[in-house]
Amino acid sequence: RVCVKLVSTAGVGTIAAGVAKAKADVILISGNVGGTGASPLTSIKFAGSPWEIGLSEAHQVLTMNNLREKVTLRTDGGIRSGRDVVMAAMLGAEEFGVGTASLIALGCLMVRQCHSNTCPVGVCTQDEDLRQRFRGAPDHVVTLMSFIAEETREILASIGAASLEDVIGRTDLLDQVHRGAADLDDLDLNPILTRVDAGGRAQRSTRTGRVEPFPSLDEEILRDASAVFERGEKMQLTYAVRNTHRTIGARTSSAIVRKFGPEGLTEGHLTVRLKGSAGQSLGAFSATGLRLEVDGDANDYVGKGLSGATIVVRPPAAMRARAHEDAIIGNTCLYGATSGYLFAAGRAGGRFAVRNSGATAVVEGCSANGCEYMTGGTVVILGDVGDNFAAGMTGGRAYVLDDRGVFADLVNEDSVVWRGFDEGDGEEECLALIRRHAEETKSARAAAILSDWPRWRALFVEVEPKEILALKRRKMAAE
C-alpha cells in the first residue's frame with residue numbers, strides 16, 4: 001500500500017483531499033509529539049499541531065468531498081493508551097501508530113543521541129560493545145500492545161460498542177471537559193467535534209478486506225530463478241521495469257537468506273538486469289548473492305537497508321557523456337545500509353547515504369545532507385554535493401571531487417575534518433573504487449578522471465569524522 005504522511009497543521013484537509021484524489025491507499029496524519037530521538041528539539045516539540053486537530057480536519061474535508069471511503073486514515077504522534085486509540089477512532093482514524101511507546105518498551109531512554117552512535121542502551125548504534133547492552137525482546141512490545149488493546153476493549157464495552165468500526169467518525173460520542181468558570185473555558189473545541197455526515201452514519205473507509213497489491217516483479221524473479229534455489233545454479237534474468245515496480249529485490253533476498261543463509265551465495269550469483277525506470281526502494285534490504293543492474297534510472301530509497309547485494313544504475317549509452325550533470329537515483333538512497341555496493345553513473349538526490357553503516361557507494365554528485373548520520377562504509381562522490389554535507393557523521397569515510405572549490409562552504413564542519421590525498425591515506429582506496437565504478441557503469445566521468453589522474457587527484461578531498469580521527473590518534477599514541 002502507498003501511505004502518504006502529512007503533518008497535522010491548519011489546512012491539512014485540503015492536502016489530504018488531493019492525496020486521496022491521487023489514489024493513495026493510506027493518509028497518515030502525524031502529530032507534533034514523537035519523532036526520532038535524533039531529531040532536534042525544535043522538530044520534535046514544535047513541528048505541526050496535535051494530531052487531534054489535523055485528523056478531525058482531514059476526516060471532515062474528505063467526508064464533505066465524498067472521498068472518505070477511498071482512503072484509510074491513520075494517525076500517530078504521542079498515542080500511548082487505549083483511551084488515545086478510541087479518541088482517535090472517534091475523530092476519524094482507522095489505523096494508529098504507536099512508535100515512541102514501543103521504543104520505550106524495548107528499553108529506549110530517549111537520551112536523544114541516536115545520531116552520535118553512542119546509545120547507552122544499545123537500541124540505535126553500530127558499536128558492538130553498546131549493542132551488548134540491549135535487553136529488549138519482541139515480547140515486550142507484544143505485552144504493550146496487548147495492554148493497549150485490552151484498555152480499548154474496556155472503553156468500547158463501557159459505551160456499548162462492539163468494535164472500533166462502530167465508533168469511527170463518531171465525534172458525537174466526545175464531549176469537551178469544562179473547568180467550571182466561564183473565564184476558564186477559553187478553548188472552543190466545537191470545530192474538532194463537528195460531525196459532518198448528515199445521514200447520521202459513521203463515515204469511514206470501505207477497505208475492510210485485503211487490498212490486492214500491484215503485481216510484484218519479485219514474483220516473476222522467484223518463479224524464473226527456480227534453478228538457483230533448487231540446484232544452486234548461477235543465473236542472469238532480464239526484465240522491463242516501470243516506476244510502479246517497488247522494492248525490487250526484497251522478496252527475492254528473503255528467499256535467498258531463508259534458503260542459503262545471509263552469506264550463502266557469492267556476489268552476483270543471481271543477476272537481475274532491468275531496463276526502464278525503477279520505482280521506490282530498488283534493492284531495499286537486498287542480500288549477498290543478488291546483483292541488480294538498471295539501464296535507466298531509479299526512484300527514491302535505492303539500497304535502503306542494503307545487506308550485501310550489488311546495485312548498478314547506469315543511463316543509456318547516448319546520455320553517458322553528461323550523466324554527471326543529471327540525477328539518476330532519487331532521495332534518501334542507502335538509508336540504513338549495512339553492507340553491499342552501489343554504483344550509479346549520475347547524481348543522487350538529498351540525504352544520500354544517510355545512516356549508512358557499512359555499504360560502499362560511488363555516485364557522481366548529490367544534493368543536500370549527503371552522508372548524514374553516517375556511521376560506517378565508504379562513499380565516493382565524483383561531483384558537487386549540497387549543503388550540510390556529513391552532518392552528524394560519526395563513522396566511515398567519504399571522498400569528494402571538489403572541482404569547483406566550494407566544498408568548504410557546504411560541509412558541516414562540526415562533525416568532520418577534510419584534507420587532500422597528500423595529507424591523508426585514502427588515495428588507493430578511492431582510485432580502486434573509481435576504477436570499479438568505470439567498469440560497472442561505463443561512466444564517462446570516471447573514464448575522464450582515470451585518464452588524467454595526476455590532475456584530478458589534487459581536486460579530491462578525503463572526509464573523515466572527528467571522532468574516528470581522534471580515536472586513531474589515541475591508538476597511535478598508545479602504541
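How far apart are the end C-alpha atoms of helix α13 (residues 427-441), and what should its 15 residues span at 1.5 Å a residue? Keep that in mind for the first view; note too that this is a predicted model.

**View 1. Helix α13 and the residue that follows.** The end C-alpha atoms of α13 sit 21 Å apart, and at 1.5 Å a residue the 15 residues should span 21 Å, so the two values agree. A good part of this view is about burial: Cys 430, Leu 431, Leu 433, Ile 434, His 437, Ala 438, Glu 440 and Thr 441 are buried in α13. As a reminder, an α-helix has 3.6 residues a turn, so residues three or four places apart point the same way. Right after α13 comes Lys 442, and its phi is positive, near 60°.

**View 2. An open sheet of four strands.** Here β1, β2, β3 and β4 line up in the order β1-β2-β3-β4 as an open sheet, with parallel pairing. At the edges you'll find β1 (3-7) and β4 (95-97), each of which pairs on one side only. From one strand to the next, the twist averages 25°. In general, strands of a sheet pair through backbone hydrogen bonds, either parallel or antiparallel.

**View 3. Zooming in on β2, β3 and helix α1.** Five bridges hold the parallel pair made by β2 (residues 26-30) and β3 (residues 72-76). If you want a spot to start looking, try Ile 29, which stands opposite Thr 75 in β3. Helix α1 (residues 12-21) lies across β1 and β2, and runs at about 170° to β1.

**View 4. Strand β11 and its two partners.** Take a look at β11 (residues 375-381): seven of its seven residues are buried, so the rest of the structure largely encloses this strand. Strand β10 (residues 357-363) runs parallel to β11 and is joined to it by five bridges. Strand β12 (residues 395-401) is also parallel to β11, again with five bridges. Val 379 is a handy landmark in β11: it is the bridge partner of Ala 361, and it stands opposite Ala 398 in β12.

**View 5. The cavity beside β12 and α12.** Rolling a probe the size of a water molecule over the atoms shows where empty space is left. For this model the count comes to one cavity of 30 Å³ or more, and the largest cavity holds about 40 Å³ of space. Its lining is made up of Gly 383, Asp 384, Val 385, Val 400, Leu 401, Asp 402, Val 406, Phe 407 and Leu 410. The elements giving two or more residues to that lining are β12 and α12 (407-410).

Notes:
Residues are numbered from 1 along each chain as its sequence is written. This is a predicted model: local features need pLDDT of at least 70, side-chain atom pairs count only at pLDDT 80 or more; totals for chains, interfaces and linings use all residues. Side-chain values use heavy atoms; hydrogens and water are left out. Two strands pair if DSSP finds at least two bridges between them. Axes are lines fitted to C-alpha atoms, for helices over the stretch in contact, and angles run from 0 to 180 degrees between N-to-C directions. Contact means heavy atoms within 4.5 Å. Buried means under 20% relative accessible area, exposed over 50%, partly exposed in between (1.4 Å probe, protein chains only). The expected span of a helix is 1.5 Å times one less than its number of residues. On a 1 Å grid over the protein atoms alone, a cavity is a set of points where a 1.4 Å probe fits but cannot get out, and a pocket is an open set with protein on both sides within 12 Å along at least five of seven lines; lining residues have an atom within 4 Å of a point. Grid points are joined across faces, edges and corners, and a volume is the space filled by probe spheres set on the points.
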